[in-house]
Amino acid sequence: MKEVVEAIKKANKVLVVGHIMPDGDDISSVLSLSKGLRSIGKEVISGIDWKIPWIFEELEEVKDIVDYQKFLDSGFDPKLMVVVDVSSPDRIGDFQNLIGKIPVAVIDHHATNDEFANFNWVDKSFGACAQMVMRVNKELGVKYDENLATINLMGILTDTGFLRFPNADARVYEDATELVKLGGKPHKISSMILENKRIEQFHLFADVLEKMKIELDGKLVYSYITQEMYKKHGCTDEDSSGFVHELRSIRGVEVAIMFMEIRPKLVHVSMRSKEWFDLSQFAKSIGGGGHPRAAGASIEGKDVFEVMDYVIPKLKEEMSRGEKS
Ligand code: AMP
Ligand code: MN
Ligand code: MN
């Protein structure tokens, strides 16, 4: 952490970058660090090379996030790129082009992080990257107001399934409590994310349930969404990111998977486990990454059915061998 903080202290112009297919922890980490650095007088641009899911648009700050092209157009000349919640360079889209050109610092909590930066603070014991950003901000002397506390809290809540997953340890509760004491509003985040669904999402989910397969005596459950299904229900991949959690919630399920054709022949594999199966290693073996209980991979050039034919037999074999973590 010291190295990363020192690198930030030295740089007056900082680019803060998150991962493609951004989630709540990623957006929280990007915005919390950007706001923190601005508040201590630095010039900052926030970058995510992907469309921000509509669910986060309620946060005013989201409008300030730029993709790689907009970053280039801005003419901004950063002295440091800080990458948050990212395990490997391919996860930052075209911001990868800056690696090797300017110093890069990483703040991340993924088990599969390959320490690709000049300065790496990687600690998989944190439930959320937002907890690490909170520590960096504090070390830099950033003062928290209600808004910053709420945004920072979002990452902790979303990456721990609203304080429910096994990664919700005492430190997670302590950090969340501290942010609430600083003015953070957890109900704002939970209503924005959990109680804000479009009816089209329910219709798509009904279709997903119809297609659901249950194997290994109920330990493995999976389903899929094709491009046609998204179109039929007026949805995009932004609408289906929570579905895998619903499948995981079925009694007796150890591994739940959603195969989603998010663009023609680009399939995102979203995986969750409950108690013992190590998904981070499995995800790595199919070209992705993540955490033991939540991991993913994006596979290009195949349709959903081809990807399932490739992934499911491999997974069944590994689950039958009973690989634990
Ligand atoms: P998701 O299922 O997309 O919500 O992702 C679950 C976890 O796996 C997150 O922590 C992601 O950062 C990670 N992850 C998802 N997709 C990939 C990928 N293509 N490569 C590496 N890590 C991924
Ligand atoms: Mn993330
Ligand atoms: Mn995260």
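Strand S12 (294–300) is the biggest giver to the shell around ligand 1, contributing five residues. Strands here are DSSP runs of E with at least two residues, and helices are runs of H or I with at least four, both numbered from the N terminus. This is a predicted model, where local features need pLDDT of at least 70 and side-chain atom pairs count only at pLDDT 80 or more, while totals for chains, interfaces and linings use all residues. Residues are numbered from 1 along each chain as its sequence is written, chains are lettered from A and ligands numbered from 1 in the order in which they are written, and side-chain values use heavy atoms, with hydrogens and water left out.

**Around ligand 1**

Strand S10 (266–273) and strand S11 (289–290) also supply at least two residues each to that shell. In total, 14 residues surround ligand 1, and the closest include His268, Ser270 and Gly289; a residue counts as near if one of its heavy atoms lies within 4 Å. Sorted by type, the shell has three nonpolar, nine polar and two charged residues. For that split, Ala, Val, Leu, Ile, Met, Phe, Trp, Tyr, Cys and Pro are nonpolar, Asp, Glu, Lys and Arg are charged, and the others, Gly among them, are polar.

Here are some pairs involving oxygen atoms of ligand 1:

| Residue | Polar atom from | Distance to a ligand 1 oxygen |
|---|---|---|
| Arg91 | side chain | 3.2 Å |
| His268 | side chain | 2.7 Å |
| Gly296 | backbone | 3.2 Å |

The protein covers 87% of the 480 Å² of accessible area that ligand 1 has on its own, going by the Shrake-Rupley method with a 1.4 Å probe.

**The manganese ions**

What holds the manganese ion (ligand 2) on the protein side? Its donors are His19 through NE2, Asp23 through OD (listed twice) and Asp85 through OD, at 2.1 to 2.6 Å. Donors are N, O and S atoms within 2.8 Å of the metal (3.2 Å for Na, K and Ca), and water is not among the atoms, so sites may look incomplete. Along the chain, the spacing reads H-x3-D-x61-D. Asp85 also coordinates the manganese ion (ligand 3), 3.7 Å from ligand 2. His19 sits in the loop between strand S1 (13–17) and helix H2 (24–39), and Asp85 in the loop between strand S4 (80–84) and strand S5 (104–108), 66 residues apart. His19 and Asp85 are both buried, meaning under 20% relative accessible area (exposed is over 50%, partly exposed in between; 1.4 Å probe, protein chains only).

**A backbone oddity**

Lys265 isn't a glycine, yet has a positive phi of about 60 degrees. Lys265 lies in the loop between strand S9 (255–263) and S10, and is partly exposed at 39% relative accessibility.

Technical notes: Polar contact = N/O pair within 3.5 Å; in protein donor to acceptor, adjacent residues only side chain to side chain.
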